[in-house]
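Dear colleague,

Please find the structure below, followed by my notes on what was found in it. I have set out the cut-offs along the way, so that you can check each statement yourself.

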Amino acid sequence: MLYLAYKNLISKPLNTVLSVLLLLLSISLATLVLQARDQLSQHLEKNIKPFDMVIGAKGSPLQLVLSSVLHIDNPTGNISLEEALKIGRNPMVKEMVPVSYGDNYKGHRILGTSTEYLAKYNATLTDGKLFEKAFEVVIGNDVAKKINLQIGDTFTSAHGLAENGLETHDENPFVVTGILKPTGKVIDQLIITNLKSIWEVHEHNDEHDHHEEEHEEEDKEITSLLVKFRNPLGALQLSRFINEKTTMQAALPKFEIERLMEFLGIGFQVINSISIAILLVAGLSIFLNLIKTVRERKQELALLRTYGATKYELIKLVFLEALFLSLLGSVLGWFLGRIGIWFFSIFTEGLYGYHFVFSFPTNKELFILAIVILTTLLAAILASLSLFKLNVSKTISNA
Amino acid sequence: MIRTTSLRYTYQNTKTDTFYFPDIDLSFEQNALILGPSGIGKTTLLHLIAGLLIPKSGNVFIGNTCVQELTRGQLNNFRAKHIGMIFQRGHFIKSLTLLENLTMREKLSKKRTDQHRKKQLIEELELTEVRNKKVHELSEGQRQRLSIALGVIHKPKVILADEPTSNLDDANCEKVISLLKKEAQICKSNLVIITHDQRVKSHFGNHIIL
């Protein structure tokens, strides 16, 4: 029976290919979107988790979060270190980490911060030691791999965050003292040093430009302050205070990312609706295909009855054909979806230094698969209804 | 052994027409020719014997089994094992090759597959060269011989042939009749042929006229 079902499908390749293609398309779209959304939100969640609040210069709160936590946008500006630390002394604050940017090396951001930043992301060294002095850096695992830096190597940074910055700080080379283990978080993409390095690079620059000799500690600026609270209520209270009473702004990463996902959600939903529409068409195509098959092969089915096959065996035959189609479409569609993710990953890797990972079928995907198979089986039931009242004698003698 | 007793059949949509069939009594390995003008119910009688139609009244006995007393499941099983049907115009499964069609029939009979018998049968019917061809690639004569093969492959107790020669030329007609007779002998079965083909009459002694 299985062999016959297979043979029947093969003998009508055009119909089979059409049904499988439609299924394949809808399933690959659906799984692609599902995977992209899941992985993106997982990625974002993982990276914002260590911090409850970002304090930075006024501007778009989303931009502040994107730049200071996820390291993909430009910073909103600088804030005074002293003012930021004042906020940090609030008893509700559990931990705080200042970050400062300014430069990049071959597109990888150089982040001035404290070693606590590494601790917050559970980043540990594979080799070497942490930075102690200015111009000592530890590099994220992806950075090490991509630009092939090793411990002891030196490099000079380019001004700004864009890769091909014209201005370079040739006077102050950085030296790599350590390489971090892969974490799967943004830190893999960063070059991390202490705040002093960032200040000194630009002090030097300022000297050139403005001939300012002295820089007092109070004048020191940072890009933002990342804050972890003792309890989540603190974030709400303190952020209101900061936004209303200071020249700085406070942004809550969790809230901003939720907002971002909502925006993206609309896009995801549109693609999802399209894939559902295609799925419906695929289901309909399979259904019509089966009806046609049953009608065209009425005599063959009657013949099988004279061979002693039961009605249920005939229905099984139709079912097997439907199952074959839906399984083939689903499995191929799933693979196509994964290939899509892979291409998408190459694209985002180049753009944001973020890559998607290959994953085995998730529960949601298995759920889609179950729905597809149920739908095709339903189509098979409807298509084989006529088999119940198949008049064998009449069909076989009306040759 | 086939025996029918006062068979009567009415088609649902033509309530007025009721077919009354004379009783048939064939002993072991006895063959019979059922003759009669078209529309008299020859095919109906054949389908009644095969259990494809249920008679209004009367019974069909094959061997010691009363076909009407079988449940649906038993009837399917009985038909699979003991009935072989040959149609006027062959019915085949188009997506399968000649050999696969035979294997399908054999499998459905739920009897042990007999490779030797299959090979011999194909040879005897001169189908060896085309055994891996699809049915639509066969000639009319080859198709009719395949039809015979499908009717006898599983060694049924009863071989029912419905106008097996009407589309064939004289040479093929002769061949088909002798093959049918021979196979019925090998299978030790009753051969029942319905026909209005004059060429067939002289080959069989036992005529039942409707």
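In helix H1 of chain B, the buried residues are Lys42(B), Thr44(B), Leu45(B), Leu46(B), His47(B), Leu48(B), Ile49(B) and Ala50(B), where buried means under 20% relative accessible area, exposed means over 50% and partly exposed lies in between, with a 1.4 Å probe and protein chains only. Helices (H or I, at least four residues) and strands (E, at least two) are DSSP runs numbered from the N terminus.

Before going further, please note that this is a predicted model, in which local features need pLDDT of at least 70 and side-chain atom pairs count only at pLDDT 80 or more, while totals for chains, interfaces and linings use all residues. Residues are numbered from 1 along each chain as its sequence is written, chains are lettered from A and ligands numbered from 1 in the order in which they are written, and side-chain values use heavy atoms, with hydrogens and water left out.

To return to H1(B), which spans residues 42-50, eight of its nine residues are buried, so this helix is largely enclosed by the rest of the structure. Within it, His47(B) has a relative accessible area of 2%, and, leaving aside neighbours within four places in sequence, His47(B) is in contact (heavy atoms within 4.5 Å) with Ser393(A), Ile396(A), Ser397(A), Leu52(B), Leu53(B) and Met85(B). Just after the helix, Gly51(B) takes a positive phi of about 80°.

How much area do chain A and chain B bury between them? The figure is about 2,200 Å², 61% of it on carbon and sulfur atoms, where buried area is the accessible area (1.4 Å probe) that two parts lose on being put together, summed over both. The contact takes 23 residues from chain A and 23 residues from chain B. In chain A, Glu300(A), Thr306(A) and Tyr307(A) lose the most area to chain B, together 29% of what that side buries. Glu300(A) also meets Lys94(B) through their side chains in a salt bridge (3.5 Å, N to O), the term being used for a side-chain nitrogen of Lys or Arg within 4 Å of a carboxyl oxygen of Asp or Glu; the count between the two chains is one salt bridge. On the side of chain A that touches chain B, at least two residues each come from helices H1 (2-11), H10 (298-306), H11 (311-352) and H13 (392-397) of chain A, and the largest share, six residues, comes from H10(A).

Turning to the interior, the largest nonpolar core has 98 residues, of which Leu301(A), Leu304(A), Leu387(A), Ile62(B), Leu102(B), Leu146(B) and Leu160(B) touch the most other members; such a core is a set of buried Ala, Val, Leu, Ile, Met, Phe, Trp, Tyr and Cys residues joined through side-chain atoms within 4.5 Å. Apart from this core lies another, of 30 residues, among them Leu64(A), Ile187(A), Ile192(A) and Leu226(A). Chain A itself is divided into domain 1 (2-44 + 268-397) and domain 2 (53-251), with bounds that come from an automatic or database domain assignment, and the C-alpha centres of these two domains lie 51 Å apart.

Finally, there are two backbone details to look at. Asn148(A) has a positive phi of about 55° although it is not a glycine, and this residue is exposed, with a relative accessible area of 55%. Lys155(B), also not a glycine, has a positive phi of about 50° and is partly exposed, with a relative accessible area of 40%.

With best wishes
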